Amino acid sequence: AYSIAKLFTGLEVVRLAEEGRIDLDEPLENYVPEWPGMKYWEPSQPVTARHLLAHRGGLPRNANFHPAGPVPLDDVLRLTVESMADGWAARPAGTRYQYSNVGYNVLGRAIEIAREESFAVYMSYDALRDYGMDHSALFTGFLPPEARLATGYTHRKGHYHPTERHDLNQLASGNLFTSAADLAAFMTTILETTPGRDGPLSFASLRASYEPQFVTADDPARTGLAWATSEDLAGELMVWHQGGDADANAVVALFPGSRTGVCLLSNCGSYEGVKLLQLAVDCLRAVRAHGGNESRGRAGTTEPPSDVPAPEQLTGRFVAYGELLAIKDVGGHPRADFGPISLR
């Protein structure tokens, strides 16, 4: 499920804060001694765990960690942190949303130090189990013997090609192996956390994790503590996270007001995050309609809007999620170049 790993890393950091082991607003080096700091083009406040949880640390997307061969599991997050010694920040901390994998790997190292145990071991055998996820892991070697890994497929030149499954060095930000059943157990645990019944997190901490952080008129990205949040897509609060690559995509979305959760997993790159997110909203609307509560949100529809701009009206260079997005007209059809990928 790739970047949905960030959700569990983030919630564990929130739990450490609840236990008094981490202060989310103290400088990061208080909890990660190897943190070298970043080089800035302009003055910046110290990076904190809260900055990293909300992707406001100013860190680049990925680390400068490019090993030539296998890396010991217990060393990978420490080496990732140390690799940033020569890294430049994308922008000062706390100023702009900048999605960062390395930020969550740094948080993974903070968990490792606070729990005095290897991140992958602790998360796989303790943290995930607390949410009822008995068949999930942050490392394939820790999956139960009966676990079966789906084959992912990439689409090239009109054909689907199977890909070899492998672990990522980015353990805390993108190496989650899970199932729909385990994600359903997780969502049930979250939705059953109430004012009178705490779960792995207290109800107060859980609700605080839904609150958007650092939102301003100039930077309106609604990111909570680990969750992305929205109140527009479904007509009510939705907290969610998605993950994926060219061979697999997944989304988990919770609607606390409706006490409903949706998870969707795909073993190909055709269902990238936005499509899965819309499908999750459609699932919620179907549940509402079945229960007679359709009036609580906007009516569901599969019809495209009638006011879609012509391709030539869309062309240009934009910034989306902190990265360059170039849209061009290719034979009357819009094509977007976004980071390393091209979208139709």
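**Lys6, two aromatic pairs and a four-stranded sheet**

Lys6 is buried, with a relative accessible area of 0%. That is where I will start, and I should say at once that this is a predicted model.

Lys6 sits in helix H1, which covers residues 5-18. What does its side chain meet? There is a polar contact of 2.6 Å between the side chains of Lys6 and Asn101. A polar atom of the Lys6 side chain also lies 2.9 Å from the backbone oxygen of Ser173. Both of those residues appear in the contact list of Lys6, if we set aside neighbours within four places in sequence. The list also includes His55, Tyr99, Ser100 and Tyr104, as well as Ala172, Ala226 and His241.

Now the aromatic residues. The structure holds eight aromatic pairs. I will take two of them.

One is Trp41 with Trp88, a stacked pair, at 4.2 Å centre to centre and 20° between the planes. This pair links distant parts of the chain, with the two positions 47 residues apart. Trp41 is in the loop between H1 and helix H2 (49-53), and Trp88 is in the loop between helix H3 (76-82) and helix H4 (101-115). Are these two buried or exposed? Trp41 has a relative accessible area of 70%, so it counts as exposed. Trp88, at 39%, is partly exposed.

The other is Tyr131 with Phe186. Their ring centres are 5.3 Å apart and their planes stand at 70°, which is over 60, so this pair is edge-to-face. It too links distant parts of the chain, here 55 residues apart. Tyr131 is in the loop between helix H5 (119-130) and strand E1 (152-156), while Phe186 belongs to helix H7, residues 180-191. Tyr131 has a relative accessibility of 4%, which is under 20%, and therefore counts as buried. Phe186 is buried as well, at 0%. Tyr131 and Phe186 are part of one aromatic cluster with Phe8, Tyr210 and Trp227.

Last, the sheet. Four strands form an open sheet in the order E7-E8-E9-E10, and the pairing is antiparallel. Strand E7 (316-320) and strand E10 (341-343) are the edge strands, each pairing on one side only. On average, neighbouring strands of this sheet are turned by 25° against each other, direction ignored.

How many bridges join E8 to E9? Six, between strand E8 (residues 323-330) and strand E9 (residues 333-338), which run antiparallel. In one of the bridges, Val330 has His333 in E9 as its partner.

Terms used
Residues are numbered from 1 along each chain as its sequence is written. This is a predicted model: local features need pLDDT of at least 70, side-chain atom pairs count only at pLDDT 80 or more; totals for chains, interfaces and linings use all residues. Side-chain values use heavy atoms; hydrogens and water are left out. Buried means under 20% relative accessible area, exposed over 50%, partly exposed in between (1.4 Å probe, protein chains only). A polar contact is a pair of N or O atoms within 3.5 Å; within protein, one must be able to donate a hydrogen and the other to accept it, and residues adjacent in sequence count only if both atoms are side-chain atoms. Contact means heavy atoms within 4.5 Å. Rings of Phe, Tyr and Trp (its six-membered ring) pair if their centres lie within 6.5 Å; planes under 30 degrees apart count as stacked, over 60 as edge-to-face and the rest as tilted. Two strands pair if DSSP finds at least two bridges between them. Axes are lines fitted to C-alpha atoms, for helices over the stretch in contact, and angles run from 0 to 180 degrees between N-to-C directions.
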